[in-house]
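Here's a quick walk through one protein model, from a single helix out to the sheet, the cores and the cysteines. Have the viewer open as you read.

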Amino acid sequence: MSIVYDPSKTPQEMADAAGVSLTEVRNFLQRNSYDYRADRATYLREQVKEFFDKNREATEKEAAGALKMSLPTIKKYLCLSSRGADTCNQKQKKKTVRQKGLSVGNTDGEILRDIIHIYLPKRRTFDCDLTFGRGEFYAGGLQVPKHRYDKYLFDGKGSKKYPALSLDEAYGLPDGCFESVVIDLPISIDNSDSGVNAFKSLNGMFDSYHDMLSLASRLLKKGGILVFKTSDFVLRNDSEAMFCGEWATDHAIDYALELGFDLTDRFILARHQSLQTRGSMKIRTGLKHGYFLIFTKIE
């Protein structure tokens with residue numbers, strides 16, 4: 001069955017309808033130069049506007065139930081409708097002011113300190129790191145989180161002083177137990193590598209994005225902060241001997257928004273040295289940017 005472009009559906013819904021993978025749908029959108037994000041936004045905005053035109057006394061919560069959208073989505077597109085234009089303009093002014101503080105740093109520690117200073121001013125570090133590894137994030141003297149987990153447990157240097165628990169134990173934690181969570185997943189794909197710093201496939205990488213973002217959403221309190229580090233890259237298609245874009249940052253943002261997060265800020269890591277990748281990957285930009293995405297849980 002062929003893929004049918006339908007902005008009323010999510011990429012996953014289009015994939016399910018066509019019986020193909022989510023990656024195939026994303027490649028289909030890119031090949032055909034569809035501006036799905038813009039078309040999707042137009043569709044959602046029209047749905048919200050039409051609902052309130054017909055139900056002028058309805059509440060935002062009632063709209064969310066009737067349209068099967070999240071409350072933040074209703075508020076967003078109500079803001080963009082004529083009914084909420086004034087409020088939207090006020091929010092946009094605030095957003096513009098905030099964006100002047102976007103940060104560019106050269107080290108993880110530098111950026112993490114800025115994030116703590118701005119978003120966790122009463123704390124010295126984050127509550128939880130779900131991808132602690134050997135604690136490389138905190139090598140520059142930053143205080144390590146009290147709660148540390150990782151899928152892989154290491155016996156290397158530093159693990160005795162700051163041991164991490166198995167990630168499996170994090171799945172048993174109660175809902176809403178943290179105010180801040182950090183995630184730093186690998187940004188490399190190599191199906192011949194047996195190490196822990198590379199995924200076997202692109203689908204495996206994005207599945208891990210979904211799994212970890214879902215876990216963080218459950219563990220965070222309402223209003224909690226999630227720090228998600230990622231990078232963009234291009235992936236070689238060996239059959240065509242060419243590279244196609246895979247915007248990992250956009251993928252993380254899209255899924256986080258679906259989970260009820262708000263993209264609050266983004267910090268840019270400008271590496272002095274080239275990021276080492278394996279397999280058929282290349283970093284897209286010459287400066288080798290990394291991104292620290294700051295999400296706030298609003299549901």
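A residue counts as buried here when its relative accessible area is under 20%, as exposed when that area is over 50%, and as partly exposed in between. Keep in mind that this is a predicted model.

With that cut-off, helix 7 has these buried residues: Gly109, Ile111, Leu112, Ile115, Ile116 and Tyr119. They sit on the same side of helix 7, because the arc they cover around the axis is only 165°. The helix length checks out too: helix 7 runs over residues 108-119, and at 1.5 Å a residue its twelve residues should span 16 Å, which agrees with end C-alpha atoms that are 16 Å apart.

Next, the sheet. It's an open one, built from eight strands with mixed pairing, and the order reads 1-9-11-6-5-2-3-4. At the edges you'll find strand 1 (104-105) and strand 4 (165-166); each has a single partner strand, so one side of each has no neighbour in the sheet. For strand 1, pairing with strand 9 (residues 261-270) is parallel and rests on two bridges. If you want a spot to zoom in on, Gly105 is opposite Leu269 in strand 9.

Now for the packing. In soluble globular proteins, nonpolar side chains tend to be buried together. The largest nonpolar core in this model has 32 residues, and the members touching the most others are Leu130, Val181, Ile183, Tyr209, Leu226, Phe228 and Phe295. Two or more residues each come from helix 8 (167-170), strand 5 (178-184), helix 9 (202-219), strand 6 (220-230), helix 10 (248-258) and strand 11 (289-297). Helix 9 is the top contributor, with nine residues.

What does Tyr209 touch, leaving out residues up to four places away in sequence? Its contacts are Leu185, Ile187, Phe228, Thr230, Ala248, His251 and Ala252. There's also a second, separate core of 20 residues, with Ile116, Phe126, Phe267 and Ile294 among them.

Last up, the cysteines. How many disulfides does the model have? The count is zero. A disulfide would need two cysteine sulfur atoms within 2.5 Å, and the table shows how Cys128 and Cys177 fare.

| Cysteine | Nearest cysteine sulfur | Relative accessible area |
|---|---|---|
| Cys128 | Cys177, 7.3 Å | 0%, buried |
| Cys177 | Cys128, 7.3 Å | 27%, partly exposed |

So Cys128 is buried, with a relative accessible area of 0%, whereas Cys177 is partly exposed at 27%.

Note on methods
Residues are numbered from 1 along each chain as its sequence is written. This is a predicted model: local features need pLDDT of at least 70, side-chain atom pairs count only at pLDDT 80 or more; totals for chains, interfaces and linings use all residues. Side-chain values use heavy atoms; hydrogens and water are left out. A nonpolar core is a set of buried Ala, Val, Leu, Ile, Met, Phe, Trp, Tyr and Cys residues joined through side-chain atoms within 4.5 Å. Buried means under 20% relative accessible area, exposed over 50%, partly exposed in between (1.4 Å probe, protein chains only). Helices (H or I, at least four residues) and strands (E, at least two) are DSSP runs, numbered from the N terminus. Contact means heavy atoms within 4.5 Å. The expected span of a helix is 1.5 Å times one less than its number of residues. The arc is that of the directions from the helix axis to the C-beta atoms. Two strands pair if DSSP finds at least two bridges between them.
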